[in-house]
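Visitor: Could you walk me through this structure, one question at a time?
Guide: Gladly, let us look at it together.

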Amino acid sequence: MKRLRIQSFGPIAGLLILGGCGDSTDSVADGPGKETYEANCQACHGPGQVGAPKFGNSEDWAPRIERGKEALYTNALEGTGKMPPRGANADLSDKQVREAVDYMVNNSQP
Ligand code: HEC
């Protein structure tokens with residue numbers, strides 16, 4: 001019969017990295033839309049793919065924000081140009097799409 005060896009792990013928990021705390025260079029405001037954004041919108045809006053307004057770029061967003069939030073919500077929900085309806089995820093609720101818009105807009109103010 002083989003003997004099972006019980007391995008003892010070191011105190012790995014001490015290596016937890018707490019990212020971003022108190023880092024003033026990156027002032028990303030969290031919000032309920034963060035996860036939705038990261039899962040559905042970031043691929044295009046992070047790097048500014050296919051002409052998408054870039055996350056965090058106030059110049060890209062200013063003229064859009066001027067048209068009003070409702071217009072942005074509508075275009076995010078229904079699509080516009082190369083922006084697919086709901087970021088191409090039909091499973092997202094209206095609320096989730098609006099929250100993702102809020103998250104992007106809140107982080108793209110001058
Ligand atoms: C396939 C790439 C792609 C994905 C994924 C995507 N977008 Fe976009 N988005 C675009 C492009 C391109 C534009 C610019 C459209 C234009 O103005 O012609 C845009 C524009 C927008 C605008 C501005 C609309 C306006 O009225 O000017 C909002 C708001 C927006 N996207 C929200 C979202 C949200 C929220 C998600 C995720 C749920 C998302 N997008 C996912 C490509 C994408």
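**A guided tour**

Guide: Glu38 is found in helix 1, which covers residues 34-40. Please keep in mind that this is a predicted model.

Visitor: Is Glu38 buried, partly exposed or exposed?
Guide: A residue needs 20 or more other C-beta atoms within 10 Å to be buried, and 12 or fewer to be exposed. Glu38 has 14 C-beta neighbours inside 10 Å, so Glu38 counts as partly exposed.

Visitor: What distance separates the C-alpha atoms of Glu38 and Ala100?
Guide: Along the chain these two residues are 62 residues apart. Between the C-alpha atoms of Glu38 and Ala100, the separation in space is 8.8 Å.

Visitor: And Lys34, is that residue buried, partly exposed or exposed?
Guide: Lys34 is also found in helix 1. Its C-alpha atom is separated by 8.3 Å from that of Met104, a residue 70 residues apart from Lys34 along the chain. Lys34 has 17 C-beta neighbours inside 10 Å, and therefore counts as partly exposed.

Visitor: How much of the protein chain can I read with confidence, that is, what share of its residues reach a pLDDT of 70 or more?
Guide: The mean pLDDT of the protein chain is 84. There is a stretch, residues 12-25, where pLDDT stays under 50 and the model has one contact beyond four places in sequence. Where pLDDT is low, the predicted coordinates should not be read in detail. Over the protein chain, the share of residues that reach 70 or more is 75%.

Visitor: What is the order of the elements from the N terminus on?
Guide: The secondary structure of the protein chain comes to five helices and zero strands. Read from the N terminus, the order is α-α-α-α-α.

Visitor: What percentage of the contacts with a separation of 6 or more joins residues 24 or more positions apart?
Guide: The pair Ser58 and Pro110 shows what such a sequence separation can look like in space: 52 residues apart in sequence, they are 5.0 Å apart, C-alpha to C-alpha. Ser58, placed in helix 3, is in contact with Ser108, Gln109 and Pro110 once its neighbours within four places in sequence are left aside. For the protein chain, the percentage is 65%.

Visitor: Which helix gives the most to the largest nonpolar core?
Guide: This core has 12 residues, among them Tyr37, Cys41, Phe55, Leu72 and Val97. Helix 4 and helix 5 each supply at least two of its residues. With five residues, the one that gives the most is helix 5.

Visitor: Which helices do the buried residues of helix 5 pack against?
Guide: Helix 5 has 13 residues and reaches 18 Å from its first C-alpha to its last, close to the 18 Å expected. Its buried residues are Gln96, Val97, Arg98, Ala100, Val101, Tyr103 and Met104. They pack against helix 1, helix 2 and helix 4.

Visitor: Now the ligand: which helix gives the largest share of the shell around it?
Guide: The ligand is surrounded by 27 residues, and the closest are Cys41, Cys44, Gly81, Met83 and Gly87. Helix 2 (42-45), helix 4 (69-78) and helix 5 (94-106) are the elements that give two or more residues to this shell. The largest share, four residues, comes from helix 4.

Visitor: How many residues of that shell are nonpolar?
Guide: The shell around the ligand also has eight polar and three charged residues. Its nonpolar residues number 16.

Visitor: Which residues does Cys41 touch, not counting those up to four places away in sequence?
Guide: Cys41 is a member of the largest nonpolar core and one of the closest residues to the ligand. Its contacts are Gly87, Ala100 and Met104.

Visitor: Is Val50, with its positive phi, buried or exposed?
Guide: Most residues other than glycine have a negative phi. Val50, in the loop between helix 2 and helix 3, has a phi near 40°. With 9 other C-beta atoms within 10 Å, where 12 or fewer is the cut-off, Val50 is exposed.

Visitor: What is the phi of Ala88?
Guide: Ala88 is found in the loop between helix 4 and helix 5. Ala88 has 13 C-beta neighbours inside 10 Å, so it counts as partly exposed. Although Ala88 is not a glycine, its phi is positive, at about 70°.

Note on methods:
Residues numbered from 1 in each chain as written. Predicted model: local features only at pLDDT ≥ 70, side-chain atom pairs only at ≥ 80, totals over all residues. pLDDT = per-residue confidence, 0-100. Contact = placed C-beta atoms within 7 Å. Near = placed C-beta within 6 Å. Nonpolar A, V, L, I, M, F, W, Y, C, P; charged D, E, K, R; others polar. Core = buried A, V, L, I, M, F, W, Y, C linked by C-beta atoms within 7 Å. Expected span 1.5 Å × (residues − 1).
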